[in-house]
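Please walk through this structure with me, beginning at one helix and moving outward to the strands and the nonpolar cores.

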Amino acid sequence: MTTIAQAKQQVDRIWYASFQTGLIDTLAAELRRQALLGVKAALETALVEELEAHRQHARHQQHAPDLHRSGTYTRRLLTTHGFIPDLHIPKLRAGNAERDWQILRRYQFSMPLLLDQALYLYTLGLSIRDLQEALYILFGRVLSRQAVNRVTLAARSPMQEWRTQPITDTPPILIVDGVWSQVLCPTGAMWTDQSGHERREMRGEDQVILTVLGVWLDGRHQIMHYQPAGAEDSAAWSDLLSALIKRGLETASVQMVVSDGSTGLPAALAAHLPNAKQQRCVVHKIRGLERAFCYRELTMIDPVTHEPLSHEGARRLRRQQLSTDAHAIFEAPSRAEALARLTQFRIAWGVLEPEAVRLLTKGIDDCLTFYQFEPTLHSLVRSTNLLERFFREFRTKSDEIGAFPNELSCLVVFHLIVIRDDAKHDRGRTAKTG
């Protein structure tokens, strides 16, 4: 594992090898030193003023502690301008441990702005090692991997509050799906490392985060809830829906639930959302047709360029043509038009790809439920694409991490991406109508 000293040396090598730094190093160092002196002076002045305000307020209370000043103690602090090794913190003769500091909390090592910036960089896709490098370039100090991990876990409390806050506006449409990741779990066995220390044996286990996204009639959409599970079975979906109902979801107000065809979901819906109709994701439906292709009577001439096609090129053309015609069914402006296009699809492909036609036709009514809503919503609610786009960001982060060290770490990263995605798209204030 890379040490802090090695990380610093590595960043220095990259920086000096890649950028024009030689002429401005001295000036930059002096500017940083002067800025840091100013930050230190401002913080120490603010801390004294905070203490004096506390003394003035406490004088009017009964049983006030000893309000006499008792010098200072020093603390190390990382700021956005650099590292302060000896920040002077004023103290009283008594009651310091009980007093609620505002500018710096007890045992706080970094300024809140720095923590927020680190979290933002992390959700942008930086790895722990990349984040060490970025913080060193920006602030002149390398944080340990443990410290960076603590930064990410600082989002734990806001995450718990977000996942339990009451639902006051039930959306008529829910889109549900799950995204898989790996979490390290103890096997119960122990092993000895090269230093002779005993370690718990860990093994990566697949875990799914079941997620619910709400869509309102004006086009607004937002992730409402998520929770981990071992499988996408009826019990897991029931637990998720129960959690939503406990938070205030009005079951009678939910008119439709969009899913990718999870076999465990229908039983959970029947138990918890009996009034909701199910919409099968049309994208997953069409993707599933490919396994049924028989590639009968392939077209060996490109219809656009009129050039000969290879056998694989002809198979690819068949997939593209059939997929385009299938998507056109669900892009029809009305249910009646969609059924008319389905009839044309059967005529066009019934002989060449009979099994694909059979699979598309099977359960077609569950793919047309979205027509009960206004056309402006159709592109949003006929598939699970809204969730899939978000999952893509999470998978990028998950793939970079490999296996999360524990379930909490996995959920924190997921939550950070949820919050960033909401802010990025101004969810809750801007209607999205596709």
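Which residue just after α7 takes a positive phi? In this predicted model, that residue is G248, whose phi is about 120°.

The helix that comes before this residue, α7, covers residues 234–246 and has 13 residues, and from its first C-alpha to its last it reaches 18 Å, close to the 18 Å expected at 1.5 Å a residue. Buried within α7 are A236, W237, S238, L240, L241 and L244, and what covers these buried residues includes the strands β3 (173–192), β4 (198–215) and β5 (221–229), together with α8 (265–272).

Two of these covering strands, β3 and β4, pair with each other in the antiparallel sense over 17 bridges, and within this pairing V183 has E205 of β4 as its bridge partner. Five residues lie between the strands in the hairpin of β3 and β4, where G196 takes a positive phi near 90°. β3 is also joined to strand β6 (residues 256–259) by three bridges, with the two strands running parallel, and here the bridge partner of I175 is V258 in β6.

Turning to the nonpolar cores, the largest has 60 residues, of which F330, F394 and F414 touch the most other members. The largest share of this core, eight residues, comes from helix α15 (residues 407–424). Leaving aside residues up to four places away in sequence, F414 touches V179, I209, T211, Y226, F390, F391 and F394. Apart from this core lies another, of 21 residues, among them L210, V212, A229 and A236, and A236 is also one of the buried residues of α7.

Conventions. Residues are numbered from 1 along each chain as its sequence is written. This is a predicted model: local features need pLDDT of at least 70, side-chain atom pairs count only at pLDDT 80 or more; totals for chains, interfaces and linings use all residues. Side-chain values use heavy atoms; hydrogens and water are left out. Helices (H or I, at least four residues) and strands (E, at least two) are DSSP runs, numbered from the N terminus. The expected span of a helix is 1.5 Å times one less than its number of residues. Buried means under 20% relative accessible area, exposed over 50%, partly exposed in between (1.4 Å probe, protein chains only). Contact means heavy atoms within 4.5 Å. Two strands pair if DSSP finds at least two bridges between them. A nonpolar core is a set of buried Ala, Val, Leu, Ile, Met, Phe, Trp, Tyr and Cys residues joined through side-chain atoms within 4.5 Å.
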